[in-house]
Amino acid sequence: MLRRMTTQKKIVYQALEELGHASVEFLIEYLRSKNEQISLATIYRNIQALLAEQKIRIVKLKGNDVLETVKEDHAHFVCEQCGSIEDIFVDKKDVLSKASKVCIHQIKKCDMAFYGLCQNCTEKGKGKENEVRL
């Protein structure tokens, strides 16, 4: 069932589009910081509507549920230091093909996440290595 895009739903969707990835709590904080006059119940109702319409989805990263807008199939990179999340557009067909050959189950899809240090945290770490300690 296609529902109309209300002003509130549009605000929630656009905020998530701007953020890229966000927990429900962070999305609420973000909307409040922008002085959006939207109640908590309306935010939650619109998240549920957008999920039902498959315009957004929930991704589990490092044990946390994160919302994102639906886009081309992709993997994620999660910085273990600052928590930033970045989309990585890779061809998962090869991974699925190899997994299907070594698994007796019928595999239909996969979610991939890579963990490490983002470029900013890596560069911050380089500065620390070069510090002189007394």
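## What counts as a contact

Two residues are in contact here when they have heavy atoms within 4.5 Å of each other. Keep in mind that this is a predicted model.

## H76 and its neighbours

Let's start with H76, which sits in strand β3, residues 75-79. With a relative accessible area of 2%, H76 is buried, because anything under 20% counts that way.

Which residues is H76 in contact with, leaving aside its neighbours within four places in sequence? Early in the chain there is H21, followed by R57, V59, L61 and E68. Then come I85, E86, D87 and I88, and the list ends with M112, A113 and F114. H21 deserves a second look: its side chain and that of H76 are joined by a polar contact of 3.4 Å.

## Where α1 meets α3

Now over to the helices. Helix α1 covers residues 7-19, and its axis comes within 9 Å of the axis of α3. The two cross at roughly 75 degrees. Angles from 65 to 115 degrees count as roughly perpendicular, so that is the label for α1 and α3. On the α1 side, the contact is made by Q8, K9, V12 and Y13. On the α3 side, T42, I43, N46, I47, A49 and L50 take part. Sorted by class, the contact of α1 with α3 has 6 nonpolar, 3 polar and 1 charged residues.

T42, one of the α3 residues in that contact, belongs to a helix that runs over residues 40-52. T42 counts as buried, because its relative accessibility is 13% and the cut-off is 20%. The T42 side chain also makes a polar contact with the side chain of S39, at 2.8 Å.

## Where α2 meets α3

Helix α2 spans residues 24-33, and its axis and that of α3 come within 11 Å. What is the crossing angle of α2 and α3? Roughly 125 degrees. That value falls between the roughly perpendicular range, 65 to 115, and the roughly antiparallel one, over 145, so α2 and α3 are oblique to each other. Their crossing is right-handed.

From α2, the residues making the contact are V24, L27, I28, L31 and R32. From α3, they are L40, I43, Y44 and I47. By class, the contact of α2 with α3 has 8 nonpolar, no polar and 1 charged residues.

## I43 in the middle of things

I43 is in helix α3, and you have already met this residue in the contact with α1 and in the one with α2. Is I43 buried or exposed? I43 counts as buried, because its relative accessibility is 1%, under the 20% cut-off. Not counting residues up to four places away in sequence, I43 touches V12, I28, L31 and I38. V12 comes from α1, while I28 and L31 come from α2.

For a sense of distance, take I43 and N120. They are 77 residues apart in sequence, and 32 Å lie between their C-alpha atoms.

## Two loop residues with positive phi

Which loop holds N35? The one between α2 and α3. N35 is not a glycine, yet its phi is positive, at about 60 degrees. N35 counts as exposed, because its relative accessibility is 58% and the cut-off is over 50%.

K62 is in the loop between β1 (56-61) and β2 (64-69). Its phi is near 50 degrees, another positive value in a residue other than glycine.

Key:
Residues are numbered from 1 along each chain as its sequence is written. This is a predicted model: local features need pLDDT of at least 70, side-chain atom pairs count only at pLDDT 80 or more; totals for chains, interfaces and linings use all residues. Side-chain values use heavy atoms; hydrogens and water are left out. Helices (H or I, at least four residues) and strands (E, at least two) are DSSP runs, numbered from the N terminus. Buried means under 20% relative accessible area, exposed over 50%, partly exposed in between (1.4 Å probe, protein chains only). A polar contact is a pair of N or O atoms within 3.5 Å; within protein, one must be able to donate a hydrogen and the other to accept it, and residues adjacent in sequence count only if both atoms are side-chain atoms. Axes are lines fitted to C-alpha atoms, for helices over the stretch in contact, and angles run from 0 to 180 degrees between N-to-C directions. Angles under 35 degrees count as roughly parallel, over 145 as roughly antiparallel, 65 to 115 as roughly perpendicular and the rest as oblique. A crossing is left-handed if the near helix is turned anticlockwise from the far one by less than a right angle, and right-handed if clockwise. Ala, Val, Leu, Ile, Met, Phe, Trp, Tyr, Cys and Pro count as nonpolar, Asp, Glu, Lys and Arg as charged, and the others, Gly among them, as polar.
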